[in-house]
Amino acid sequence: MRRRDILGTISTAAIVSSVSGCTQSTVEEGTRLIGSYPGDDATSPERYRPFEKWLETRFGVLTLYVNADDDERVRQNFLSGLTDVWQTGHVPMVTWLSYVDSESETPSTITRQIRDGEYDAVLEWWVDELSAWLAADDPVIDGPRRLYFRPFPEMNGDWLPWSVLEDDDVEPFVDAWRYVHERLMDAVDADDPRERVQWIWNPNATEHTDVPTEASYPGEEYVDWIGIDGYNFGDSSMGDGWQSPESVFEPMRTRLADLSDRPVSIPEFGSTSVRDGEHDVSAKDEWIDDVFEYIEANDIRMVCWFNIDKETDWAVFGGARGTDTFEDERRDERYRVYDSFRERVQRGDYVGGSTQTPGVLSSNHFQGRF
C-alpha cells in the first residue's frame, strides 16, 4: 500500500533476562521471527522499547525505510540508526527506496536508469557504506553484523516509480534488481555473503497491474525471502469493506509458494478498526487473533506489524485506540494497546533478537531455516 512518505526522519521464546527496560529472549528455539515497523523515528530505542516492554519480548527484526537519494546528512543519520538498532539486539530490515531526489521527482524509467548505470553514484554510496557497516567490529554484539535488504517493494502496485505496469517494464525491473544485488554482494567481505545480507523480494498481496506478479521474480540466485505486504483497510476511507486475513493474503501467498521454495515473510501488515461505519476495536482485536492463526497455519516465517496510525488506525501499541492500556511507569506514559497481539506473540513460538547471541539471531533463523 502507498505509505512511502512515512520515512521522514528515518524509520517468543522463553524470557531469560531483562535488559535496559525490556525483556530479552532466547533465539535457539521457535518457528518464525517477530518484528515491527515501530513508527516515526523507527531507529530510536525510545520508539520501540516501550512496545517491547509491553510484549515482554524483544523484536528480532525492525523494518526501516530510507530514500536512497536523500541528502547525505539524512543518509548518515540512517546509518547511525542502523547501529542503534543492531546494538539493542535487532536485525534491521532496510527498505531501500530508489528515488531521484524525492518520490514525486522520480521517473517511471528508474529501473532502466539503474540497469544502465545512470544511478551508480547513489548506488555506489550505499554499496560502500553498507559493506563498511557490515564489516565493522561491533563493540556491543559479538559475531557478524547482518541486515535484510528490501529494494523495489510492492512492484506489482501502481503507486511507485518502479511499478511493473506493463510487459515492457518486466525486463528492466529484473535487470535492475540483479544489478543492485551483484554490486552489493560483491562488496560484502564474507565467505558466504548470504550469511550477512538476506534479500527480500516483496510484492503487494493484491495486484494492481495487468502483469502477473511472478513475471518480476529475479530468480532463486538473487532472492532469499519472499515477502508479501497486506492490509485490511476495512471500511476506512481507503477500504472496500472488511477483509479476513485469508482474503487479504490469498491467493497471492499460494501463487508465490508455487513460484519459489524461499521462506515466506510478511514485512508489512495491519488492520484498521473501522467496520460498518464506526471504530470497532473488538473487531480489530479479533482480526489480529485471526491473522496469527493464518500466519501459523501457513508456515510464514517472519512477520512485521506496521505500527503507526497513518491512512487509518493501524497501530496495536500507542495508537489512537485499543482494547486496553499499558502504563510504563519508568517513562510515566500510558499507551493504548490491543491485547490479542501481545497474547498471540507470547503464546506462539516467535523468535526475538538477543544481545547475547552472536549475530543477534542464529544463522539458521536469520535465513529462515526453522
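How do the residues lining the second largest pocket divide into nonpolar, polar and charged? I started my notebook with that, working from a predicted model.

**Entry 1: the second largest pocket**

I looked up the space in the second largest pocket and found about 180 Å³. Its lining is made of 15 residues. They divide into seven nonpolar, four polar and four charged, which settles the opening question. I noted the residues nearest the centre of this pocket: Pro38, Arg47, Asn307, Phe317 and Gly318. I then asked which element gives the largest share of the lining. Helix 1, residues 45–55, does so with four residues.

**Entry 2: the largest cavity**

I turned to the largest cavity, where the space comes to about 40 Å³. Which residues line the largest cavity? I listed Trp96, Leu123, Trp126, Val127, Leu130, Phe149, Val180 and Leu184. By class, I counted eight nonpolar residues in this lining, with no polar and no charged ones. Two helices each supply at least two of the lining residues: helix 4 (120–135) and helix 5 (170–187). Helix 4 has the largest share, four residues.

**Entry 3: helix 7**

Which residues of helix 7 are buried? In this helix, residues 252–259, I found Met252, Arg253 and Leu256. The three cover an arc of only 95 degrees around the axis, so they sit on the same side of helix 7. I also looked up what covers these buried residues. The cover includes three strands, namely strand 7 (197–201), strand 8 (225–227) and strand 13 (300–306). It also includes helix 6 (245–249) and helix 8 (281–297).

Arg255 of helix 7 came up next, in a salt bridge with Glu214. I noted 2.6 Å from N to O for this pair. Glu214 lies in the loop between strand 7 and strand 8, and Arg255 lies in helix 7, so the salt bridge ties together parts that are 41 residues apart in sequence. Are the two partners buried or partly exposed? Glu214 has a relative accessibility of 25% and counts as partly exposed. Arg255, with a relative accessible area of 24%, is also partly exposed.

**Entry 4: other salt bridges**

How many salt bridges does a search of the whole structure find? I got 24, and I wrote down a few more of them.

Arg344 and Glu296 meet through their side chains in one salt bridge, at 3.0 Å from N to O. This pair links distant parts of the chain, with Arg344 in helix 9 (residues 339–347) and Glu296 in helix 8, 48 residues apart. I checked how accessible each partner is. Arg344 is at 3% relative accessibility and counts as buried, whereas Glu296 has a relative accessible area of 29% and is partly exposed.

Arg145 forms a salt bridge with Asp138, and the closest N and O atoms are 2.7 Å apart. Arg145 has a relative accessible area of 6%, so I put it down as buried, the cut-off being under 20%. Asp138 counts as buried too, at 11% relative accessibility.

Which residues are linked in a network of salt bridges? I found Glu46, Lys53, Asp328 and Arg331 joined in this way.

Technical notes. Residues numbered from 1 in each chain as written. Predicted model: local features only at pLDDT ≥ 70, side-chain atom pairs only at ≥ 80, totals over all residues. Heavy atoms only, no water. Buried < 20%, exposed > 50% of the residue type's maximum accessible area, 1.4 Å probe, protein only. Arc of directions from axis to C-beta. Contact = heavy atoms within 4.5 Å. Salt bridge = Lys/Arg side-chain N within 4 Å of Asp/Glu carboxyl O. 1 Å grid on protein atoms, 1.4 Å probe; cavity = no way out; pocket = protein on both sides within 12 Å on 5 of 7 lines; lining within 4 Å. Points joined across faces, edges and corners; volume = space filled by probe spheres on them. Nonpolar A, V, L, I, M, F, W, Y, C, P; charged D, E, K, R; others polar.
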